Amino acid sequence: MGVVGLGRQALDDHLPGLEATDSAELVAVCDENPEVVREQHTRYDVPGYTDFRQMFAHEQLDLVMVCVPHDVGRAVIEAAAERHVHVLKEKPFATTMAEAKELAEICQQSGIRLMVTLQRRFNPIYTSFTQLAEQIGTPFAIDARYTLHIDDPSDGWRGNTATAGGGCVIDMGYHLIDLILWYFGLPDRITADLSVSARPDRTYDAEDTALIHFAYDSGLYGSLLLSRFIGPKAEEIRLVGSRGIVHLERGRLRRLTNSGEIIESLVREQGWPSAATSQINYFRQVIDGDRPNLSGPQENLAHMSFVAACYQSARTHTSVNPKELL
């Protein structure tokens, strides 16, 4: 495996996860920052590159971990496809719905496997959600939020829609969108309002906060608050049913009565970097044909249609059916 992009996500999650697995071996690292490349070249004793095309040309890679700014992802995927190198990519899959469809076609034509990193799917707290949800009667309301505080939303490439594809919806929100699709499926209606007003003394166009309402023809409906300015950091989903509530937080899952009394609780101590390791192990099995690709290009078209529906709704001030964007 080669790793392209040596930012925080790669250094804190993917490289430690790779160290802990026997499914893949790190053979090269790449980043546009020469100093970062030198540091990781020394630490892992592997060749370092500042140009991913040179890495593909000089290394015999089976797969590549892609952790680059969103607007660079397509070029790396195209280069990998040309060399028939499989891709494990940091979210999001693409920056637009049109790009997502084009990348899905590129992957299919080249025969490479691509899996988007959605590590919550490899955490037992999150995988236990549906089991408890079956015990609360008929679900009718979802309350979800993912918030954290960044002092300056304009800072870096994430403040610019041209490089990031958007703000908190397409970036951090991708994880909560994945959980909504995993647990409940793609909604039939989405309405969204976006803010770029958290820091009026700064100039940026990637939304800092989003409030999204979504609904299903079955009668289930919900709201999703995303923000990279509202602290403290919080990630949660509450599913309300006719006979109880399931409350999912990072590291904790509870089933409660409708009055709020706890019936049962699951708690997981920090398992770092086990989710990243499990993800690499699983992708190796996907490559070998032993496991289905649960987060492949076709599956992520649904994620991108949810994202696109949010931006279209905010722009037009109308409700949008994401299924019509597929």
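Student: Which residue in S3 stands opposite Cys-30?

Tutor: Bear in mind that this is a predicted model: local features need pLDDT of at least 70, side-chain atom pairs count only at pLDDT 80 or more, and totals for chains, interfaces and linings use all residues. Numbering starts from 1 along each chain as its sequence is written, and side-chain values use heavy atoms, leaving out hydrogens and water. Strand S2 (residues 28-30) pairs with S3 in the parallel sense over two bridges; strands are DSSP E runs of at least two residues, helices H or I runs of at least four, both numbered from the N terminus, and pairing takes at least two DSSP bridges. Across from Cys-30, in S3, stands Tyr-49.

Student: OK, zoom out to the open sheet. Which are the edge strands?

Tutor: Six strands make up this open sheet, with parallel pairing in the order S3-S2-S1-S4-S5-S6. Edge strands pair on one side only, and that applies to strand S3 (48-49) and S6.

Student: At about what angle does helix H10 run to S6?

Tutor: Helix H10 covers residues 274-288 and lies across S4, S5 and S6. Taking axes as lines fitted to C-alpha atoms (for helices, over the stretch in contact) and angles from 0 to 180 degrees between N-to-C directions, H10 runs to S6 at about 165°.

Student: Which residues of helix H4 (residues 73-82) are buried?

Tutor: Buried here means under 20% relative accessible area, with a 1.4 Å probe and protein chains only. The buried H4 residues pack against strand S1 (2-4), helix H3 (52-58), strand S4 (63-66), strand S5 (86-90), H5 and strand S6 (114-117). They are Gly-73, Val-76, Ile-77, Ala-79, Ala-80 and Ala-81.

Student: Are H5 and H11 roughly parallel or roughly antiparallel?

Tutor: The axes of helix H5 (residues 97-110) and helix H11 (residues 297-316) cross at roughly 175° and come within 9 Å. Angles under 35 degrees count as roughly parallel and those over 145 as roughly antiparallel. H5 and H11 are therefore roughly antiparallel.

Student: And by class, how many residues in the contact of H1 with H2 are charged?

Tutor: Helix H1 (residues 8-19) packs on helix H2 (residues 34-44) at about 25°, with the axes 13 Å apart. Leu-11, Leu-15, Pro-16 and Glu-19 of H1 meet Gln-40, Arg-43 and Tyr-44 of H2 (contact means heavy atoms within 4.5 Å). Asp, Glu, Lys and Arg count as charged. By class, the contact has four nonpolar residues, one polar, and, for charged, two.

Methods. Parallel < 35°, antiparallel > 145°, perpendicular 65-115°, else oblique. Buried < 20%, exposed > 50% of the residue type's maximum accessible area, 1.4 Å probe, protein only.
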